[in-house]
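Here's a quick briefing on the empty spaces in this model, plus a couple of helices and a few residues worth a look. Have the viewer open as you read.

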Amino acid sequence: MALLNLLPLLLFLYFTRDPFAQMVNQRISTESIEWISSYDLYLFLTGLGLVTLYQLLPKIANSVARKSGILTLEDALILKEAFEDIVSLKADRVGGECESLIVNGKQAQPDQVFQSITQPDQQIYFTVNAIWKFLEKIAGNVSFDVRLAEIGTKGELLSWYTHGGEPPRHTIAELDCADSALRHCVNTKSVVVIPDIQKEAEKKVGQHYHMFEKHEKGSVLCYPIYHRPTRSYPYVLCIKAHRANHFTAGGEDYYKWLFDQFGLRLELEHSLRLLKGD
């Protein structure tokens, strides 16, 4: 495999660097030299073509991966960075509490320490912001609105967590209407994808969801967050991409895998909210 990787470069050097060609000729038979001379143009173009192809392969792979809804290596590193940011905030808070106890020479009071180091609302907000930053980085020229809807025990919409603290354009009552994408997600406990907001709004028949932003281009994804200890769905992740068909039907398995990574962290913070009695 290593030889196959080096072959294009070796061919290129042989036909473009005389010292290298002389060194090789000293180590191979006369018949081999004559064979190379007979096909020199073909071999040179093959080597040049392979070098070019090797340089383009990562770009081609990344392009195919993005179109297929698969994370590229670069995207995966950005995802890792997002998770590290989420954990670092909690680590700083726990470390700060530990340092304070050591410096002041105080005896740790478990109840007080637990209340101090667990800030689930802050962590949930930070996670929503991390999702927004991650999506904007991997998409490049697409902007997003990311919001997390808090759902009550009876399925009612209680409040929002939004990236950057930006409030939704519509009231909770409006967004909680029976035929909204959010309500459908809550009722079915399944992913809702609207590839094109404008096309959905323009449907005369077969319209599945009520669209509030009828004249805006974009696509919508609603993703329910499952909490295993209570066997409930306390949150719905609502994402709007400001480009049509950014989210597509058929990509549900990919969206599930991706947002389950963030959902696990939201599930943890919801457990802490319940333990604290928030």
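Let's start with the second largest pocket, which holds about 390 Å³ of space. Keep in mind that this is a predicted model. The pocket has 19 lining residues, and β5 gives the largest share of them, with 4 residues. Below that come the cavities, two of the helices and some single residues.

**The second largest pocket**

- If you want to find its centre, look for Ile-151, Gly-152, Thr-153, Ser-232 and Pro-234, the lining residues that lie nearest to it.
- Four elements each put at least two residues into this lining: β1 (144-151), α9 (181-188), β5 (232-241) and α11 (252-276).
- By type, the lining of this pocket is a mix of 8 nonpolar, 7 polar and 4 charged residues.

**Cavities**

- Searching the whole structure turns up 2 cavities of 30 Å³ or more.
- The second largest cavity has about 50 Å³ of space.
- What lines the second largest cavity? The residues are Ile-78, Glu-81, Ala-82, Asp-85, Ala-130, Lys-133, Phe-134 and Lys-137.
- Two elements, α5 (73-104) and α7 (120-139), each give two or more residues to that lining.
- The lining of the second largest cavity splits into 4 nonpolar and 4 charged residues, with no polar ones.

**Helix α7**

- With 20 residues, α7 reaches 28 Å from its first C-alpha to its last, close to the 28 Å expected at 1.5 Å a residue.
- Its buried residues are Pro-120, Gln-123, Ile-124, Thr-127, Val-128, Asn-129, Ala-130, Ile-131, Phe-134, Leu-135, Ile-138 and Ala-139.
- Two of these buried residues, Ala-130 and Phe-134, also turn up in the lining of the second largest cavity.
- Right after α7 comes Gly-140, with a positive phi near 80 degrees.

**Helix α11 and His-270**

- α11 is 25 residues long and reaches 34 Å from first C-alpha to last, close to the 36 Å expected at 1.5 Å a residue.
- Where does α11 bend? Look at Asp-260, where the bend is about 35 degrees.
- The buried residues of α11 include aromatics such as Tyr-255, Phe-259 and Phe-262, and also Glu-267, Glu-269, Arg-273 and Lys-276.
- Is His-270, in α11, buried or exposed? It counts as buried, because its relative accessibility is 11% and the cut-off for buried is under 20%.
- Leaving aside residues up to four places away in sequence, His-270 touches His-227, Pro-234 and Tyr-235.
- Pro-234 is also among the residues nearest the centre of the second largest pocket.
- Gly-277 follows α11, and its phi is positive, near 80 degrees.

**Positive phi outside glycine**

- Most residues other than glycine have a negative phi, so the next two are worth clicking on.
- Lys-189 isn't a glycine, yet its phi is positive, about 55 degrees.
- You'll find Lys-189 in the loop between α9 and β3 (192-194), where it is partly exposed, with a relative accessible area of 47%.
- Asn-245 also has a positive phi, near 65 degrees, and is a residue other than glycine.
- Asn-245 sits in the loop between β5 and α11, and it counts as partly exposed at 44% relative accessibility.

Notes:
Residues are numbered from 1 along each chain as its sequence is written. This is a predicted model: local features need pLDDT of at least 70, side-chain atom pairs count only at pLDDT 80 or more; totals for chains, interfaces and linings use all residues. Side-chain values use heavy atoms; hydrogens and water are left out. On a 1 Å grid over the protein atoms alone, a cavity is a set of points where a 1.4 Å probe fits but cannot get out, and a pocket is an open set with protein on both sides within 12 Å along at least five of seven lines; lining residues have an atom within 4 Å of a point. Grid points are joined across faces, edges and corners, and a volume is the space filled by probe spheres set on the points. Ala, Val, Leu, Ile, Met, Phe, Trp, Tyr, Cys and Pro count as nonpolar, Asp, Glu, Lys and Arg as charged, and the others, Gly among them, as polar. The expected span of a helix is 1.5 Å times one less than its number of residues. The bend at a residue is the angle between axes fitted to the seven residues ending there and the seven starting there. Buried means under 20% relative accessible area, exposed over 50%, partly exposed in between (1.4 Å probe, protein chains only). Contact means heavy atoms within 4.5 Å.
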